[in-house]
Amino acid sequence: MYKNLINGEWLEGARVSRNINPSDTRDLVGEFAQADADQAREAVAAARAAFPAWSLSTPQQRFDVLDAAGAEILARRAELGDLLAREEGKTLPEAIGEVTRAGNIFKFFAGEALRVGGDVIPSVRPGVGVEVTREALGVIGLITPWNFPIAIPAWKLAPALAFGNTVVLKPADLVPASAWHLADILQRAGLPKGVFNLVMGRGAEVGAVLLDDKRVDAISFTGSVGTGQKVAAACVARLAKFQLEMGGKNPFVVLDDADLDIAVGAALNSGFFSTGQRCTASSRVIVTDGIHDRFVAALAEKMKTLKVGDARAKGVDIGPVVDDRQLAQDLDYIAIGRAEGAKLVAGGEALSHNADGAPGYYLTPALFAEARPEMRISREEIFGPVVSVLRVKSYEEALALANDTPFGLASGIATTSLKHATHFKRHAQAGMVMVNLPTAGVDYHVPFGGRKESSYGSREQGKYAAEFYTTVKTAYTQA
Ligand code: NAD
């Protein structure tokens with residue numbers, strides 16, 4: 001049984017949760033302790049007690065811990081990737097890629113711990129000096145979703161610890177194993193007790209403690225819009241700092257002048273890889289008239305080559321959907337798309353078993369053509385391997401449609417026109433814009449995040465992470 005980490009001790013919880021492999025539902029990944037509200041409060045108390053010493057630790061101490069954790073993650077990427085693929089269902093290469101990203105993030109923020117600097121600014125008053133410095137915020141509550149079981153905890157944890165904060169992490173219920181290993185690695189990398197606490201458990205119980213407990217100074221949340229709104233309301237009520245990364249309905253525009261292979265490859269990746277379960281996935285492809293029919297035919301043809309199966313099997317391109325609830329949601333949307341009058345060109349079939357006969361949550365990637373902007377499949381986040389193609393007459397219409405969404409995470413375009421690429425980068429209402437690249441797949445050392453209903457607060461990752469995980473102090477000295 002995998003336990004919670006509270007104040008440096010591994011503790012059993014009030015209940016136990018079973019982590020099931022979505023590629024083979026007979027396979028139990030492990031049993032994980034579930035904390036209750038009291039244990040969550042103990043974790044907060046431990047983080048509070050550990051904060052004064054950790055916030056005054058030297059940058060070298062913090063570098064050493066984060067660098068060691070990053071090195072271990074990278075050294076064990078094949079093993080941790082296999083575990084991640086087993087618990088979440090992304091393919092092995094994708095899972096190893098995610099683990100590698102997590103390792104690199106720890107290495108990057110190890111360096112950031114050394115680079116925290118400030119400004120010395122002349123005062124407008126004679127004989128006075130002004131220093132602007134950054135200090136740790138305090139106790140940070142981290143609440144993470146299931147679709148990136150190690151990378152998202154890593155990109156919140158690493159900056160939180162690098163800048164001298166203490167942390168309570170509540171990972172998503174579906175994927176506790178990757179978070180547990182992260183806790184184990186950090187613990188052995190030399191973190192003092194209480195600096196990092198892991199409490200696995202239900203959002204409404206353990207997550208709610210983090211939101212309501214006044215000893216938690218800030219919350220960094222990634223997940224759905226509905227939960228994000230609850231996080232925001234709770235944090236505003238007690239004036240805690242917060243940051244939200246939420247859903248997307250990311251557009252991918254294909255113009256007449258696009259390189260067809262690049263456009264098809266990027267759309268295939270954006271829409272279906274990681275089983276469409278990425279916040280940056282594109283499930284809305286907007287295609288101009290002149291290339292539309294060729295594009296849809298080529299994409300449908302390419303989809304025939306995608307192998308759906310066990311996430312850890314060789315040659316598999318698309319793993320299972322994460323669980324039965326998400327599969328039911330995907331199938332609902334496929335039925336909705338059909339009922340709305342979109343044309344299902346390919347896929348959309350649930351498979352109860354893989355090629356080896358193992359029971360799992362399999363779905364063949366689904367492509368809708370003739371979708372219209374007002375349809376629910378064109379507007380709502382499905383979070384599965386379901387893509388709708390919308391036909392437009394011009395670049396201007398494509399841009400307007402791309403921006404016609406309450407979300408604003410990522411936006412992509414396939415074009416060989418410098419003019420259109422440049423205009424699109426400037427006018428796409430999204431936090432991240434991709435030209436001739438999939439909407440998903442980003443670097444680990446630059447800011448990540450969106451606008452509108454996709455994000456709230458300052459950016460995650462890269463040097464911009466300091467905005468959230470530190471607070472600025474301005475000190476005046478009369479010489
Ligand atoms: P979710 O909102 O259901 O859960 C996210 C986390 O919040 C989980 O740990 C959950 O246990 C917790 N939670 C649930 N109710 C809570 C409550 N009342 N109080 C406190 N915590 C609570 O989201 P999910 O289904 O795990 O993840 C999928 C969503 O995440 C999608 O919408 C996806 O787009 C989004 N996502 C966004 C990004 C991004 O960076 N923008 C990245 C990945 C996923």
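Tutor: Let's begin with residue classes: Ala, Val, Leu, Ile, Met, Phe, Trp, Tyr, Cys and Pro count as nonpolar, Asp, Glu, Lys and Arg as charged, and the others, Gly among them, as polar. On that basis the lining of the largest cavity has 4 nonpolar, 7 polar and 3 charged residues. The model is a predicted one, in which local features need pLDDT of at least 70 and side-chain atom pairs count only at pLDDT 80 or more, while totals for chains, interfaces and linings use all residues. Residues are numbered from 1 along each chain as its sequence is written, and side-chain values use heavy atoms, with hydrogens and water left out.

Student: What makes a space a cavity, and what makes it a pocket?

Tutor: Both are found on a 1 Å grid over the protein atoms alone: in a cavity a 1.4 Å probe fits but cannot get out, whereas a pocket is an open set of points with protein on both sides within 12 Å along at least five of seven lines, and lining residues have an atom within 4 Å of a point. The structure holds 2 cavities of 30 Å³ or more. Gly276, Arg278, Ala281, Ser283 and Phe383 lie nearest the centre of the largest cavity, among its 14 lining residues.

Student: How do you know the volumes of the cavities?

Tutor: Grid points are joined across faces, edges and corners, and the volume is the space filled by probe spheres set on those points. That gives about 100 Å³ for the largest cavity and about 50 Å³ for the second largest. The second largest cavity is lined by 13 residues, with Pro251, Thr405, Phe407, Gly408 and Ala410 closest to its centre. Helix 13 (395-403) and strand 19 (410-414) each give two or more residues to that lining; helices (H or I, at least four residues) and strands (E, at least two) are DSSP runs, numbered from the N terminus. By class, the lining of the second largest cavity splits into 6 nonpolar, 6 polar and 1 charged.

Student: Now the pockets. Why is the largest pocket said to lie between domain 1 and domain 2?

Tutor: Domain 1 (4-246 + 454-478) and domain 2 (251-435) both contribute lining residues, so the largest pocket lies between them. The domain bounds come from an automatic or database domain assignment. The C-alpha centres of the two domains are 31 Å apart. Their contact (heavy atoms within 4.5 Å) takes 26 residues from domain 1 and 29 residues from domain 2.

Student: What lines the largest pocket?

Tutor: There are 45 lining residues, and Trp146, Ala172, Ser224, Thr227 and Arg325 lie nearest the centre of the pocket. Its volume is about 1,300 Å³. Helix 7 supplies the largest share of the lining, 5 residues. The lining of the largest pocket comprises 21 nonpolar, 13 polar and 11 charged residues.

Student: And which residues lie closest to the centre of the second largest pocket?

Tutor: That pocket has a volume of about 290 Å³. Of its 15 lining residues, Arg101, Phe148, Arg278, Gly441 and Val442 are the closest to the centre. Helix 4 (residues 92-115) gives the largest share of this lining, 4 residues. Domain 1 and domain 2 each supply at least three residues to the lining of the second largest pocket.

Student: How do you know what span to expect of helix 8?

Tutor: The expected span is 1.5 Å times one less than the number of residues. Helix 8 (residues 225-237) has 13 residues and reaches 18 Å from first C-alpha to last, close to the 18 Å expected.

Student: Why are some residues of helix 8 called buried?

Tutor: Buried means under 20% relative accessible area, exposed means over 50%, and partly exposed is in between, with a 1.4 Å probe and protein chains only. In helix 8, Val225, Gly228, Val231, Ala232, Ala234 and Cys235 are buried. The buried residues of this helix pack against helix 7 (203-212), strand 10 (218-222) and strand 11 (241-245).

Student: Why is Glu370 called partly exposed?

Tutor: Its relative accessible area is 45%, so Glu370 counts as partly exposed. Glu370 sits in strand 17 (residues 366-371). Lys452, at 34% relative accessibility, is also partly exposed; Lys452 belongs to the loop between strand 20 (432-435) and strand 21 (455-456).

Student: What makes the phi of Glu370 worth a look?

Tutor: Most residues other than glycine have a negative phi. Glu370 has a positive phi near 60°, and Lys452 has one near 50°. Leu239, just after helix 8, takes a positive phi of about 55°.
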